[in-house]
Amino acid sequence: MIVRYVCPLTENQRHTLAEIMKHDARPRARVRAHGILLSSQGMRIKEIAKIYQVDRDTVATWIKKWEKHGDKSLHDQPRSGRPTTLNATEKELAKQYIKEEPRSLKTVVERLAQKTAKRLSISSLKRLAKKARLRWKRVRKS
């Protein structure tokens, strides 16, 4: 049976991993750093996978990437996607317009188009409102 561990770590690497494990803002980076530290202490991949409830191949990938790229491998790479249409100030303006007229999103779209010269769909406006934790309910006629 082949057992894979991290190559012996230097004191500087141990210190870096401990700092990432304790103080990093991203939980995935903290988990990966701790997993590598556990592996350097002689814990097997299966045991680390069981602790973090991930597949053993995932832990093996953490170790391989650590050996190849170092502490850069602990953080997720930026993902692809379309850049946002509105910048931060325009998003605040859109939220303000939504609060002023919550029942008519078409009016909000028109006001935004006049003010910023950017056309936004109603679904994008709803998505923006949900991210801002705004909600509304339909009015029932009775």
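**Helices 5 to 7, the largest pocket and selected residues**

Just after helix 7, Arg-133 takes a positive phi of about 60°. This angle comes from a predicted model, as do the other values reported here. Arg-133 belongs to the segment after helix 7 and is a residue other than glycine. With a relative accessible area of 77%, Arg-133 is exposed, because the cut-off for that class is over 50%.

A positive phi also occurs after helix 6, where the next residue is Ala-117. The value for Ala-117 is about 65°, although Ala-117 is not a glycine. Ala-117 sits in the loop between helix 6 and helix 7. The relative accessibility of Ala-117 is 70%, so this residue counts as exposed.

Helix 6 itself covers residues 105-116, which makes 12 residues. At 1.5 Å a residue, a helix of this length should span 16 Å, and the end C-alpha atoms of helix 6 are indeed 16 Å apart, so the expected and computed spans agree. The buried residues of helix 6 are Leu-105, Val-108, Val-109, Leu-112, Ala-113 and Thr-116. Seen down the helix axis, these buried residues fall within an arc of 135°, and they therefore line one face of helix 6. A general property of helices is relevant to this pattern. An α-helix has 3.6 residues a turn, so residues three or four places apart point the same way. On the face of helix 6 turned away from the buried side are the exposed residues Lys-106, Gln-114 and Lys-115. The cover over the buried residues of helix 6 includes helix 5, residues 88-100, and helix 7, residues 122-131.

Helix 7 was examined in the same manner. Its buried residues are Leu-125, Leu-128 and Ala-129. Viewed along the axis of helix 7, they fall within an arc of 100°, so they line one face of the helix. The face of helix 7 turned away from this buried side carries two lysines, Lys-130 and Lys-131, both exposed. The buried residues of helix 7 pack against helix 5 and helix 6.

One residue of helix 5 is Glu-90. At 13% relative accessibility, Glu-90 counts as buried, because the cut-off for burial is under 20%. When residues up to four places away in sequence are not counted, Glu-90 touches Thr-85, Leu-112, Thr-116 and Lys-118. Among these partners, Leu-112 and Thr-116 are buried residues of helix 6.

The search for open space in the model was also carried out with a probe. Rolling a probe the size of a water molecule over the atoms shows where empty space is left. The largest pocket has a volume of about 290 Å³. Its lining consists of Arg-82, Pro-83, Thr-84, Thr-85, Leu-86, Lys-91, Leu-120, Ser-124, Arg-127, Leu-128 and Lys-131. By class, 4 of the lining residues are nonpolar, 3 are polar and 4 are charged. Helix 7 supplies the largest share of the lining, with 4 residues. Two lining residues have already appeared in the description of helix 7: Leu-128 is on its buried side, while Lys-131 is an exposed residue on the face turned away from that side. Thr-85, also in the lining, is one of the residues touched by Glu-90.

Two further residues were examined in the helices that come earlier in the chain. Gly-35 lies in helix 2, which comprises residues 27-40. Gly-35 has a relative accessible area of 2% and is therefore buried. Apart from residues up to four places away in sequence, Gly-35 touches Ile-48, Tyr-52 and Trp-62. Met-21 is 14 residues from Gly-35 along the chain, and the C-alpha atoms of the two are separated by 9.3 Å.

Arg-14 is located in helix 1, residues 11-23. With a relative accessible area of 29%, Arg-14 is partly exposed, because this value falls between the limits of 20% and 50%. Leaving aside neighbours within four places in sequence, Arg-14 is in contact with Leu-9, Leu-37 and Ser-40. Between Arg-14 and His-75 there are 17 Å from C-alpha to C-alpha, and in sequence these two residues are 61 residues apart.

Conventions. Residues are numbered from 1 along each chain as its sequence is written. This is a predicted model: local features need pLDDT of at least 70, side-chain atom pairs count only at pLDDT 80 or more; totals for chains, interfaces and linings use all residues. Side-chain values use heavy atoms; hydrogens and water are left out. The expected span of a helix is 1.5 Å times one less than its number of residues. Buried means under 20% relative accessible area, exposed over 50%, partly exposed in between (1.4 Å probe, protein chains only). The arc is that of the directions from the helix axis to the C-beta atoms. Contact means heavy atoms within 4.5 Å. On a 1 Å grid over the protein atoms alone, a cavity is a set of points where a 1.4 Å probe fits but cannot get out, and a pocket is an open set with protein on both sides within 12 Å along at least five of seven lines; lining residues have an atom within 4 Å of a point. Grid points are joined across faces, edges and corners, and a volume is the space filled by probe spheres set on the points. Ala, Val, Leu, Ile, Met, Phe, Trp, Tyr, Cys and Pro count as nonpolar, Asp, Glu, Lys and Arg as charged, and the others, Gly among them, as polar.
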